[in-house]
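Dear colleague,

I am handing over the structure below, and I would be grateful if you could look through it alongside the notes that follow.

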Amino acid sequence: MTDDIADAVEAELVALSAALTEPADRECLRCYLLRMISEFGCTGTHRWTMRWREVRAPRATGLLGKLAELGGGCDCEVLLNVFPQYPLTTRLLPCAGQPLSGSAVPCDLRILRRTA
Ligand SMILES: [Zn+2]
Ligand SMILES: [Zn+2]
């Protein structure tokens, strides 16, 4: 009985964390990485970039190599060196939407800022 409950709770946690780390519909790579790193931190790998690519840009097979070339050797370096422009804010902004489906080009948050 207790085992069943433990199993059920564990299954729920796994489903919950899968939902939490799922890139949102049209969420761009930059906003996704910001969200994941602020929640879970960088693991020194492209863990979150790969997760995003699987869902949002499955055909961008050269993405990791390109990001590494631009100085993004891991998830936090991608943010630091590849997407350094982010509005000055104390909280995360909602993603303005992936401009091109399947592309790692970040959304334009300046639009959001003007209207916010
Ligand atoms: Zn890192
Ligand atoms: Zn975005």
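**Helix α3 and the zinc site**

In this predicted model, helix α3 (residues 47-56) has W48, T49, W52 and R56 as its buried residues. Because these residues span an arc of only 100 degrees around the axis, they lie on the same side of α3. Among the elements that cover them are α2, α4 (63-69) and α5.

From helix α2, L29 is a residue to look at; with a relative accessibility of 0%, L29 counts as buried. Apart from its neighbours within four places in sequence, L29 is in contact with T49 and W52, and also with L63, L67, F83 and A104. The C-alpha atom of L29 is separated by 8.6 Å from that of S103, although the two residues are 74 residues apart along the chain.

The zinc ion (ligand 2) has as its protein donors the SG atoms of C28, C31, C95 and C107, which lie 2.2 to 2.3 Å from the ion. The arrangement is tetrahedral, because the four donor atoms subtend angles of 106 to 111 degrees around the zinc ion; for comparison, the ideal angle for four tetrahedral donors is 109.5 degrees. In sequence, the donor residues follow the spacing C-x2-C-x63-C-x11-C. Within this set, C31 in helix α2 (residues 29-40) and C95 in the loop between α5 (75-82) and α6 (109-115) form a pair that links distant parts of the chain, 64 residues apart. C31 counts as buried at 5% relative accessibility, whereas C95, at 25%, counts as partly exposed.

With best wishes

Notes: Residues numbered from 1 in each chain as written. Chains lettered and ligands numbered in written order. Predicted model: local features only at pLDDT ≥ 70, side-chain atom pairs only at ≥ 80, totals over all residues. Heavy atoms only, no water. Donors = N, O, S within 2.8 Å, 3.2 Å for Na, K, Ca; no water. Tetrahedral: all angles 85-135°; square planar, octahedral: opposite > 155°, others 65-115°. Helix = DSSP H or I, 4+ residues; strand = E, 2+ residues; numbered from the N terminus. Buried < 20%, exposed > 50% of the residue type's maximum accessible area, 1.4 Å probe, protein only. Arc of directions from axis to C-beta. Contact = heavy atoms within 4.5 Å.
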